[in-house]
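Visitor: I should like to learn how to read the features of a protein model. May we go through them one at a time?

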Amino acid sequence: AAGIPNITLKQVIHCASDRFREHFPIEPRPLNWNDVTEAAYKVRADLQISQQSWAEACELLGRVGASVCVLLADSASQRTTNQISQPAAYFRGMLNKARTGELRLQRSVFGLLSKLLGSSAGNN
């Protein structure tokens with residue numbers, strides 16, 4: 001649940017920060033969900049998200065859902081306004097919301113896309 005089926009690979013790739021993208025493979029093929037998951041696992045360590053929290057997220061949300069949570073925590077840690085200082089705690093908060101059925105990853109991704117598209121549109 002949590003809106004994951006409504007999130008596309010293209011949307012996630014577009015939302016990824018430069019730090020996140022640095023972990024994508026450079027190969028002559030299109031990126032896939034496994035690439036995103038591997039990148040998220042590496043970024044997880046940069047954000048000090050524990051292996052235990054990652055495993056819990058994978059159990060609750062699947063690998064794709066856990067990856068989207070890492071991407072969102074990474075993005076929140078790099079915001080210019082309302083920047084979070086503890087991405088691991090932010091990640092844990094998403095897991096807590098997932099347990100109670102309150103997590104809406106689709107809305108978070110769409111909101112991030114909207115902000116990114118709005119800022120890039122303003123730069124043209």
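Visitor: In which helix does serine 77 lie?

Guide: Serine 77 lies in helix α4. Helices here are DSSP runs of H or I with at least four residues, strands are runs of E with at least two, and both are numbered from the N terminus. Please note that this is a predicted model, in which local features need pLDDT of at least 70 and side-chain atom pairs count only at pLDDT 80 or more, while totals for chains, interfaces and linings use all residues. Residues are numbered from 1 along each chain as its sequence is written, and side-chain values use heavy atoms, with hydrogens and water left out.

Visitor: Is serine 77 buried or exposed?

Guide: The terms rest on relative accessible area: buried is under 20%, exposed is over 50%, and partly exposed lies in between, with a 1.4 Å probe and protein chains only. Serine 77 has a value of 12% and is therefore buried.

Visitor: Which residues does serine 77 touch?

Guide: A contact means heavy atoms within 4.5 Å. Not counting residues up to four places away in sequence, serine 77 touches Arg19, Leu47, Gln83, Ile84 and Pro87.

Visitor: How many residues has the largest nonpolar core?

Guide: In soluble globular proteins, nonpolar side chains tend to be buried together. A nonpolar core is a set of buried Ala, Val, Leu, Ile, Met, Phe, Trp, Tyr and Cys residues joined through side-chain atoms within 4.5 Å. The largest one here has 35 residues, and Phe20, Val70 and Leu105 have the most contacts inside it. Two or more residues come from each of α1 (9–15), α3 (33–46), α4 (51–77), α5 (87–100) and α6 (105–122). The most come from α4, which gives eleven residues.

Visitor: What is leucine 105 in contact with?

Guide: Leaving aside neighbours within four places in sequence, leucine 105 is in contact with Ala2, Ile4, Ile7, Gly65, Val68, Cys69, Leu72 and Met94.

Visitor: How should I read the sign of phi, and where does glutamine 48 lie?

Guide: Most residues other than glycine have a negative phi. Glutamine 48, although not a glycine, has a positive phi of about 60°. This residue lies in the loop between α3 and α4, and its relative accessibility of 69% counts as exposed. Asparagine 82, also not a glycine, has a positive phi of about 55°. Asparagine 82 is found in the loop between α4 and α5 and is exposed at 67%.

Visitor: How many disulfides does the structure hold?

Guide: A disulfide is a covalent bond between the sulfur atoms of two cysteines. The cut-off applied is a pair of cysteine sulfur atoms within 2.5 Å. The structure holds zero disulfides.

Visitor: Why does cysteine 15 form no bond with cysteine 69?

Guide: The sulfur of cysteine 69 is the closest cysteine sulfur to that of cysteine 15, but at 13 Å this is too far for a bond. For cysteine 58 the closest is again in cysteine 69, at 9.7 Å, also too far.

Visitor: How many salt bridges are there?

Guide: Side chains of opposite charge can pair when their charged atoms come close. A salt bridge is a side-chain nitrogen of Lys or Arg within 4 Å of a carboxyl oxygen of Asp or Glu. The structure holds six. Among them, arginine 29 meets glutamate 27 (2.9 Å, N to O) and aspartate 35 (2.7 Å, N to O), so that Glu27, Arg29 and Asp35 are linked in a network. Aspartate 35 is buried at 8%, whereas arginine 29 is partly exposed at 33%. Another bridge joins glutamate 56 and arginine 92 (3.0 Å, N to O). This pair links distant parts of the chain, 36 residues apart, with glutamate 56 in helix α4 and arginine 92 in helix α5.
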